[in-house]
Amino acid sequence: MHDFIMAEDSELWDVICDGPFVPTKKVGDPAVTVLKTRKAFNDVDRKVIEKKFSAKKILVCGIGPDEYNMIFAYQSAKEIWEALQTAHEGTTQVKQSKIDMLTIEYELFRMKDDKSIQDMHTRFTSIINEMHSLGEILPRNKLVRKILSVLPSSWESKVNAITEAKDLQELTMDELVGNLKTYEMKKKKDNERIPRGRRT
């Protein structure tokens, strides 16, 4: 939703985060700030108010009927966004609990012997993406090192080769996973060539 709104108009995201613009003017002596009447709006006021309704329209059009029932009474895009955030991420306490559980899942993550690199990568990516959606972003080089550390002992020679040959600070996840998949295919092909009785 954030990316879609930013692509439409980055100023709409400011309206969502900061709340709607309310046109005001100063009157009297000493000057006092009062709300402008609609008839007193100038072109700048009208353009900024249009942003408020554009932001609200995008949020409302991007949700389903259940979510609409939850937010239809809210007047501003900021209120709608905060309600949607709470509904999907929970309160700050719930969000932190989710992050804590995902962190434990991340720390205990291991590749199972009977699983492929693709299976392992899919499970790993799912955990990382959930953490990312909650604001917990892990550095790329840390993720690369984590993948290398969770491979079974049968992959030790490949892990050592990658560690010696590659700069782990620069190695991307895509490069690493591609490298591991290539090695996995080669291992599988080699095993198919060995007569069944000679396999260890």
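In this predicted model, Arg145 touches Leu168 and Gln169, once residues up to four places away in sequence are set aside. Arg145 is found in helix α8, and at 44% relative accessibility this residue counts as partly exposed. The C-alpha atoms of Arg145 and Leu171 are 9.7 Å from each other, with 26 residues separating the two along the chain.

Helix α8 also turns up in the surroundings of α10, where the buried residues are covered by elements that include α7, α8 and α9 (156-165). The buried residues in question are Met173, Leu176, Val177 and Leu180. Seen down the axis of α10, these residues fall within an arc of 90°, so they line one face of the helix. The other side of α10 carries exposed residues, namely Asp174, Met185, Lys186, Glu192 and Arg193. As for the geometry of α10, its 21 residues should span 30 Å at 1.5 Å a residue, and the end C-alpha atoms, 30 Å apart, agree with that expectation.

A similar reading can be made for helix α7. Its buried residues are Ile117, Met120, His121, Phe124, Ile127, Ile128 and Met131. Viewed along the axis of α7, they fit within an arc of 130° and so line one face of the helix. The packing partners of this buried set are α6 (92-108), α8 (140-150) and α10 (173-193). The length of α7 (residues 117-133) follows the expected rise as well: 17 residues at 1.5 Å a residue should span 24 Å, and the end C-alpha atoms are 24 Å apart, which agrees. Just after α7, Gly135 adopts a positive phi of about 90°.

One residue of α7 gives a handy view of its packing against α10. His121 lies in helix α7 and has a relative accessible area of 17%; because buried means under 20%, His121 counts as buried. Leaving aside neighbours within four places in sequence, His121 is in contact with Met173 and Val177, and both of these are listed among the buried residues of α10.

Helix α7 also has a part in the largest pocket, which holds about 360 Å³ of space. The lining of this pocket comprises 13 residues, and those nearest its centre are Trp13, Trp81, Gln85, Glu89 and Ser133. Both α5 (77-89) and α7 supply at least two residues each to the lining. The most is given by α5, which contributes 5 residues.

Turning to the strands, β1 (residues 24-27) and β2 (residues 32-35) run antiparallel and are joined by 4 bridges. Within this pairing, Lys25 of β1 has Val34 as its bridge partner in β2. The two strands form a hairpin with 4 residues between them, and in the turn Gly28 has a positive phi of about 80°. The loop between β1 and β2 is also the place of Pro30. Here the backbone shows a further feature worth a look: the peptide bond from Asp29 to Pro30 is cis, with omega near 5°.

Notes. Residues numbered from 1 in each chain as written. Predicted model: local features only at pLDDT ≥ 70, side-chain atom pairs only at ≥ 80, totals over all residues. Heavy atoms only, no water. Pairing = 2+ DSSP bridges. Expected span 1.5 Å × (residues − 1). Buried < 20%, exposed > 50% of the residue type's maximum accessible area, 1.4 Å probe, protein only. Arc of directions from axis to C-beta. Contact = heavy atoms within 4.5 Å. 1 Å grid on protein atoms, 1.4 Å probe; cavity = no way out; pocket = protein on both sides within 12 Å on 5 of 7 lines; lining within 4 Å. Points joined across faces, edges and corners; volume = space filled by probe spheres on them.
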